[in-house]
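Please read the report below alongside the sequence and the coordinates. The criteria behind each term are given where the term is used.

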Amino acid sequence: MKRVRVNPITCEGHGLCAELLPERIQLDEWGFPIVDPEPVTGEAARHAARAVEACPTLALLLENAQGGR
Amino acid sequence: MRTAPATATAMVRPPGLPRLLAGVRSDFAATLDEHLATYGPPPAAGTIDLTALADASGLRGLGGAGFPTGRKLAAVAGQPRRPVVIANGAEGEPVSGKDKVLLRYLPHLVLDGATAAAHALGAREAIVAVSRSDSDGLETVNAAIHERHGFDKRVRLRAVAVPDGFVAGEETALIQFLNRGVAKPTFTPPLPFERGVGRAPTLVQNVETLAQLALIARFGPDWFRAVGTWEEPGSALVTISGAVGEPGVYEVAFGTPLRDLVTQAGGVTEHVRAFLVGGFFGTWLGENEAREARLLETDLRARGARLGARAIVVLPPSACGICESAHALRYLADSSAGQCGPCVHGLEAIAASFERLAAPNARDERQRLSRWITQVRGRGACRHPDGTAAFAASALQVFASEAEQHLHGRCPGSRSVLPAVAAR
């Protein structure tokens, strides 16, 4: 199972991720993503993969739900 | 700093407190000979299993995060490459002075601990990180390293001056500074124990943790556990300031009631309105909670606070908690490394909102403030936004009546007990 995570240092707040993965990502009032760490499955997983591809700064990551910090 | 004067006789296996600070002389650093006369010689390399001793002692990191020291040692030891040891003395917390006291007065205890950790890990290098502005500490550590020439031939010791600032002492910031000259946190993984200085697995330990380790290496876990509680054993350094008679750094056992600590620090000079526990990275505790609280992570967590690096400020009613918090939050927002959007914008919004609350003719924007506080948590590369959010949340809760007064154009206090600090 995968979940999305943002590298907050490389993220510049372009906001594409929130359009491509509204199931898990909202933007704050400055345009930076607020990510729901709930794992992505099915259609959300496809949307997540597309959002990761589209991020201009490669700040959006798909990682194993068990891993991380 | 105030501590009991050290006895002139050699004090092996100190039975009571102070024990970490037993070697503090009047007002200059203990020489190597004096250090050895106080604590005895450190065990020779290879004669002890430091990781096992640390595990059995129950020692946890004393820099604020409280991670079990034995587990950290084991994690670094489990890596394939030869590790590096960092003694973290970059004390960025504005109301903490304990690390500066150790570096200034007991450099050999810190160096013993760093050397023991290096032996345990097979490391050949140990770096002592000291804040640039702590020129006394830097000078003392350099002199102590010079004095130890030939004392231990396996481990090369060196002191490094690191930039001042609240975030510079964060583990990954320290490592990025040593690697690339940039004192800013990095995105993890990799964590320092996996890849740190020069890409080597790196043990980053607070200088007080290493000083305690130096004594555990000598006297063993049972001695360490003779004070404190079973879950939180030993003693620790506490920095207490604000409305107390004798502010300073004290060594106390874990489990000590906060009110006993205050008594030890000369008692209160006024009534108490609240305690700031854990410094600027900590939280406010109201007088009632604080009166019953003990110096234990478990006890403070149950009260919604954290022990942190045990920096405590006693706030009298003549100071206004909202105004004091506004100053601290301005410092915290300005201390952002400026790398992560949520920290840059969110902390600025929180600080500015608090400043408006503290100003005359405040208008009620507490709802918006609470939303920002919730929103910034967990969204930085380091925990700086989380710490700032917890501080702000506790201020709103503990000083709810002061906030109401501000909304009615009144400020309940004019005194200031937090230091006037500016971010660098």
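What follows describes one chain, the domains of another, their contacts and one residue.

This is a predicted model, in which local features need pLDDT of at least 70 and side-chain atom pairs count only at pLDDT 80 or more, whereas totals for chains, interfaces and linings use all residues. Residues are numbered from 1 along each chain as its sequence is written, while chains are lettered from A and ligands numbered from 1 in the order in which they are written.

**Chain A**

Chain A contains two helices and four strands, and these are DSSP runs numbered from the N terminus, with H or I over at least four residues for a helix and E over at least two for a strand. Along the sequence they are arranged as β-α-β-β-α-β. The radius of gyration of chain A is 11 Å, close to the 11 Å of the globule rule for 69 residues, so chain A is as compact as a globular protein of that length; the radius is taken over C-alpha atoms, and the rule is 2.2 Å times the number of residues to the power 0.38. Of the 69 residues in chain A, 30% are buried, where buried requires 20 or more other C-beta atoms within 10 Å of the residue's own, exposed 12 or fewer, and partly exposed a count in between, with C-beta atoms placed from the backbone.

**Contacts between parts**

Chain B is divided into domain 1 (20-221), domain 2 (235-315) and domain 3 (321-407), with bounds from an automatic or database domain assignment. Two residues are in contact if their C-beta atoms, placed from the backbone, lie within 7 Å. The table gives the residues on each side of two contacts.

| Contact | One side | Other side |
|---|---|---|
| Domain 2 and domain 3 of chain B | 10 residues from domain 2 of chain B | 11 residues from domain 3 of chain B |
| Chain A and chain B | 10 residues from chain A | 11 residues from chain B |

On the side of chain A that touches chain B, there are six nonpolar, two polar and two charged residues; Ala, Val, Leu, Ile, Met, Phe, Trp, Tyr, Cys and Pro count as nonpolar, Asp, Glu, Lys and Arg as charged, and the others, Gly among them, as polar.

**Residue B:N179**

B:N179 lies in helix α7 (residues 171-180) of chain B and counts as partly exposed because it has 14 C-beta neighbours inside 10 Å. Leaving aside residues up to four places away in sequence, B:N179 touches B:V197 and B:G198.
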